[in-house]
Amino acid sequence: MQIKYVVNEFGPAFLSTFNYVIGEVTKAVTVNAQSQTLPSITLVFSAALLASKVLHDLVYQDLPEFFEDHLKEFMEGCHALLTAEHPLLLIARDNNSVLVELRASVCDILNLFLEKYDEEFGPYLGTLLHDVWGLLIKCGPQPYFDPLIITASHFLTSVITGPSHKMMQDSAVLKDICEKIVIPNIQLREADEEMFEGDPEEFIRLDIEGSDMDTRRRAAHDLVKGLTKYFEGPTTAVF
């Protein structure tokens, strides 16, 4: 009760801050990139990352009344953060992972809502699922994408195995999941080859002994396993 009281009292101030940060991110991606610098853009997206982590922690234990009443604003903010891109961050992402971290953090929020507050989350699922789907397809094989691919795949798996699985029943959708998400993430990458050459025992330990819970291959494996719950026939036909 005390935690719920504190969170409800803190809610209005946090919502104001959250909306301000979303506004700054929106402004950053719409202003001419030539007038901006990488440090200034990184600062804006880092603030958004912190805001997303705070939101996750505030609703982790329970969904306070204030947050439920203003869920539309928070989910619209999550949509804005998932779709926000900036050319400076895209160019520099080999050395600057704030954009990937932000998107992964938002996916953590979506996973939480889908698992604990699915009824309240339902009206926003379609839009956010589309956002996550798009990110998974666009992610390349580079290791810095791994945290996003893992948490986004977990979200997709939860949708496929949950009450909203009928959203994914179209055969073309299932085909895209298998060909554009699963297969690219189980393939041997250059980073995997380097690891095998540098430390073959560690590679085998991670890949064979079942300790790869935090790898994109494990996430892809879980996704295929989830697909077979309701769509075993169509999934088998693709492979």
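Aromatic pairs number 12 across the whole structure, a pair being two rings of Phe, Tyr or Trp (its six-membered ring) with centres within 6.5 Å. The planes of a pair count as stacked under 30 degrees apart, edge-to-face over 60 and tilted for the rest. The model is predicted, with local features needing pLDDT of at least 70 and side-chain atom pairs pLDDT 80 or more, while totals for chains, interfaces and linings use all residues. Residues are numbered from 1 along each chain as its sequence is written, and side-chain values use heavy atoms, without hydrogens or water.

Phe-113 and Tyr-117 make a good starting point. Their ring centres lie 5.3 Å apart with the planes at 65°, so this pair is edge-to-face. Phe-121 and Phe-155 also pair edge-to-face, at 6.5 Å centre to centre and 75° between the planes. This pair links distant parts of the chain, 34 residues apart: Phe-121 belongs to helix H7 (residues 118–138) and Phe-155 to helix H8 (residues 146–161). Helices here are DSSP runs of H or I, at least four residues long, numbered from the N terminus. Both Phe-121 and Phe-155 are buried, that is, under 20% relative accessible area with a 1.4 Å probe and protein chains only. One aromatic cluster brings together Phe-10, Phe-14, Phe-18, Phe-66, Phe-67 and Phe-74.

Phe-67 appears again in the largest nonpolar core, where, of 69 residues, Phe-45 and Phe-67 touch the most other members. Helix H6 (residues 98–116) gives the most to this core, with 12 residues. Such a core is a set of buried Ala, Val, Leu, Ile, Met, Phe, Trp, Tyr and Cys residues joined through side-chain atoms within 4.5 Å.

Conventions: Buried < 20%, exposed > 50% of the residue type's maximum accessible area, 1.4 Å probe, protein only. Helix = DSSP H or I, 4+ residues; strand = E, 2+ residues; numbered from the N terminus.
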